[in-house]
Amino acid sequence: MNAIVHRGITIVTLAIGAEIASGCLPGQTAICERPDGWWLYFVDSDGSIDGYDSPFGSHAQALWAAKAAAEFSAE
């Protein structure tokens, strides 16, 4: 697991196969590598998990999208 904080939002890159619920706290964003690409998920304050409909082609793209989402939520 690797984590950074951007605009007060913790963005966690989880190891392959790691569960989002056990690797992230409410309010955090998860980047997960899967066989079909890099997926971005958001853990809500109630623990529910929501994500985008398709994966990103690289970790860098997923991280950029996570930072953009953090920018939006910081406003």
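This is a short tour of a predicted model, stop by stop.

**Stop 1: the sheet**

Start with the strands. Select E1 through E5 and show them as cartoon. They form an open sheet of five strands, in the order E1-E2-E3-E4-E5, and the pairing is mixed. Now look at the edges. These are E1 and E5 (49–51), and each of them pairs on one side only. From one strand to the next, the twist averages 25°.

**Stop 2: strand E2**

Select residues 9–14, which make up strand E2. How many of the six residues of E2 are buried? Six of the six are, so the strand is largely enclosed by the rest of the structure. The cut-off behind that word is under 20% relative accessible area.

Show the side chains next. In a regular strand they alternate between the two faces of the sheet. Colour Ile-9, Ile-11 and Thr-13 for one side of E2. Use a second colour for Thr-10, Val-12 and Leu-14 on the other side. Both faces are covered, and these residues are all buried.

**Stop 3: the neighbours of E2**

Add residues 2–6, strand E1. E1 and E2 run antiparallel, joined by five bridges. Two positions are good to label here. Ile-4 has Ile-11 as its bridge partner in E2. Val-5 stands opposite Thr-10 in E2.

Then add residues 29–34, strand E3. Is the pairing of E2 and E3 parallel or antiparallel? E2 and E3 pair in the parallel sense, over four bridges. Label Thr-13 and Ile-31: Thr-13 stands opposite this residue of E3.

**Stop 4: the turn at Arg-7**

Go back to the hairpin of E1 and E2. Two residues lie between its strands. Select Arg-7, which sits in the loop between E1 and E2. Check its backbone. Phi is near 55°, a positive value in a residue other than glycine. Arg-7 is exposed, with a relative accessible area of 55%.

Keep Arg-7 on screen and follow its side chain. Side chains of opposite charge can pair when their charged atoms come close. Which residue forms a salt bridge with Arg-7? The partner is Glu-71, and the closest N and O atoms are 3.2 Å apart. Glu-71 lies in helix H2 (residues 59–74) and Arg-7 in the loop between E1 and E2, so the pair ties together parts that are 64 residues apart in sequence. Glu-71 is partly exposed, at a relative accessible area of 30%. A search of the whole structure finds one salt bridge.

**Stop 5: the aromatic rings**

Finish with the rings. The structure holds three aromatic pairs. Select Phe-42 and Tyr-52, which form an edge-to-face pair. A pair of aromatic rings is described by the distance of the centres and the angle of the planes. For Phe-42 and Tyr-52, the distance is 5.5 Å centre to centre, with 70° between the planes.

Where do the two residues sit? Phe-42 is in strand E4 (residues 37–43), and Tyr-52 is in the loop between E5 and H2. They are ten residues apart, and the pair links distant parts of the chain.

Switch on a surface to compare exposure. Phe-42 is partly exposed, with a relative accessible area of 24%. Tyr-52 also counts as partly exposed, at 35% relative accessibility.

Last, add Phe-56 to the selection. Phe-42, Tyr-52 and Phe-56 form one aromatic cluster.

Definitions and conventions: Residues are numbered from 1 along each chain as its sequence is written. This is a predicted model: local features need pLDDT of at least 70, side-chain atom pairs count only at pLDDT 80 or more; totals for chains, interfaces and linings use all residues. Side-chain values use heavy atoms; hydrogens and water are left out. Buried means under 20% relative accessible area, exposed over 50%, partly exposed in between (1.4 Å probe, protein chains only). Two strands pair if DSSP finds at least two bridges between them. Axes are lines fitted to C-alpha atoms, for helices over the stretch in contact, and angles run from 0 to 180 degrees between N-to-C directions. A salt bridge is a side-chain nitrogen of Lys or Arg within 4 Å of a carboxyl oxygen of Asp or Glu. Rings of Phe, Tyr and Trp (its six-membered ring) pair if their centres lie within 6.5 Å; planes under 30 degrees apart count as stacked, over 60 as edge-to-face and the rest as tilted.
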